[in-house]
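Work through the exercises below with the model open beside you. Try each task before reading its solution.

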Amino acid sequence: MITVIIPAHNEEAGIGEALRSLRNQTIVPDRIIVVADNCTDATGDISLAAGAEVVRTEGNRDRKAGALNFVLADLLPDSAAEDLILVQDADSQLSPDFIERSVSYLSADSRLGAVGGVFSGGHGGGFVGHLQRNEYARYARDVRRLKGKCLVVTGTAALFRARTLQDVVQARLDGGLPPGNGRGGVYDTSVLTEDNELSFALLTLKYRIRSPADCTLVTEVMPTWRELWAQRLRWKRGAVENCVQYGWTRVTRPYWARQFLSVIGVLVTLAYLSTVAVALATGAGMQIQPFWLAVTGVFVIERVVTVRLRGWRYMLAALTMYELVIDLFLQAVHAKAYADAVFNKKKAW
């Protein structure tokens, strides 16, 4: 039995494509449940017309996590241990063999707790959309290079066994995991990044997680800088706070290491920009040093090689280092996320 759950808040623009990609799977799911969460548009009607079951949540204040918990609370108690549950975003379209491949990975490893997807960016968004597609291509390259090893099974699409999620519920009630909503909800409604937290939960319960390179999907890119800022600020602050939530454990050590490297990156960028600003302001001028020229060369090579999946035109373009725009943008997001976490600024989804 394979059940798909799609949380959707006003997703009338993309829900039809998401459902079509499910109907075109080489293994078609038995049930598709669209959670029309506080929707004021035609998401529910489009889903019904496409043959999906629709659950409408009105007044849910716990966003995506709350919508998923609402359905899972009814679904899990009646599920057999080996039933499969796919959770995917409403703005994602799975490749036709996504479910078939994901099932094969789960079947081959009894301690594999979740199989996630490797995503590429959809069309649109102009220049900022283009930069995100490059970024996602680099992410796909990293996953392929690491043979599916990943830090987070993202919310874009992830397949679980029912017993895995039942274990999460029990551990939340028993105190083996953070309590989440306090009622045994699979997803922690108190965090900004519920997929990150669930990945921590699975790893804490000694499950493995993977995002195999051949489990692919296309997902929406943020169409404006403002929306990208909000998305990444939520991701980054959520990741930091998930680390704090779980503390220093065998699971979180690599995540803490990444946070440390991110902080170093922000500090180096600040130091670099400050140095340039002082040099220009004092009239000292810029001097080219061989060492820093070599360092710059390494960065250029990294930019070119890592975008290879998109083709030679994009590799040539990367030579110009025009992507420094988004690199500096993301550094600014990271700095803001750290400051918000330290000063406990009100969370915004």
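**Exercise 1.** Find how many bridges join strand 5 to strand 10, and state which way the two strands run.

*Solution.* Step 1: locate strand 10 at residues 216–219; helices (H or I, at least four residues) and strands (E, at least two) are DSSP runs, numbered from the N terminus. Step 2: count the bridges; three join strand 5 to strand 10, and the two run antiparallel. Two strands pair if DSSP finds at least two bridges between them. Step 3: pick one bridge, in which Leu94 has Leu217 of strand 10 as its partner.

This is a predicted model, in which local features need pLDDT of at least 70 and side-chain atom pairs count only at pLDDT 80 or more, while totals for chains, interfaces and linings use all residues. Residues are numbered from 1 along each chain as its sequence is written, and side-chain values use heavy atoms, with hydrogens and water left out.

**Exercise 2.** Place strand 5 in its sheet and explain why one side of this strand has no neighbour there.

*Solution.* Step 1: write the strand order, 5-10-7, for an open sheet of three strands with mixed pairing. Step 2: read off the edges. Strand 5 (92–94) and strand 7 (118–121) each have a single partner strand, so one side of each lacks a neighbour in the sheet. Step 3: add the twist, which averages 30° from one strand to the next. Axes are lines fitted to C-alpha atoms, for helices over the stretch in contact, and angles run from 0 to 180 degrees between N-to-C directions. Step 4: add helix 5 (residues 126–145), which packs on this sheet and touches strand 7 and strand 10. Contact means heavy atoms within 4.5 Å. The direction of helix 5 makes about 160° with that of strand 7.

**Exercise 3.** Describe the sheet of seven strands and the helix that lies across strand 4, strand 6 and strand 8.

*Solution.* Step 1: the sheet is open, with the order 3-2-1-4-8-6-9 and mixed pairing. Step 2: strand 3 (53–57) and strand 9 (208–210) are its edges, each pairing on one side only. Step 3: strand 1 (residues 2–8) and strand 4 (residues 84–88) run parallel, joined by four bridges; Thr3 has Ile85 in strand 4 as its bridge partner. Step 4: the helix is helix 6 (residues 162–174), running at about 85° to strand 8.

**Exercise 4.** Is Ser262 buried or exposed?

*Solution.* Step 1: find Ser262 in helix 9 (residues 253–282). Step 2: apply the cut-offs: buried means under 20% relative accessible area, exposed over 50%, partly exposed in between (1.4 Å probe, protein chains only). Step 3: Ser262 has 16% relative accessibility, so this residue counts as buried. Step 4: list its contacts; leaving out residues up to four places away in sequence, Ser262 touches Lys236, Gln331, His334 and Tyr338.
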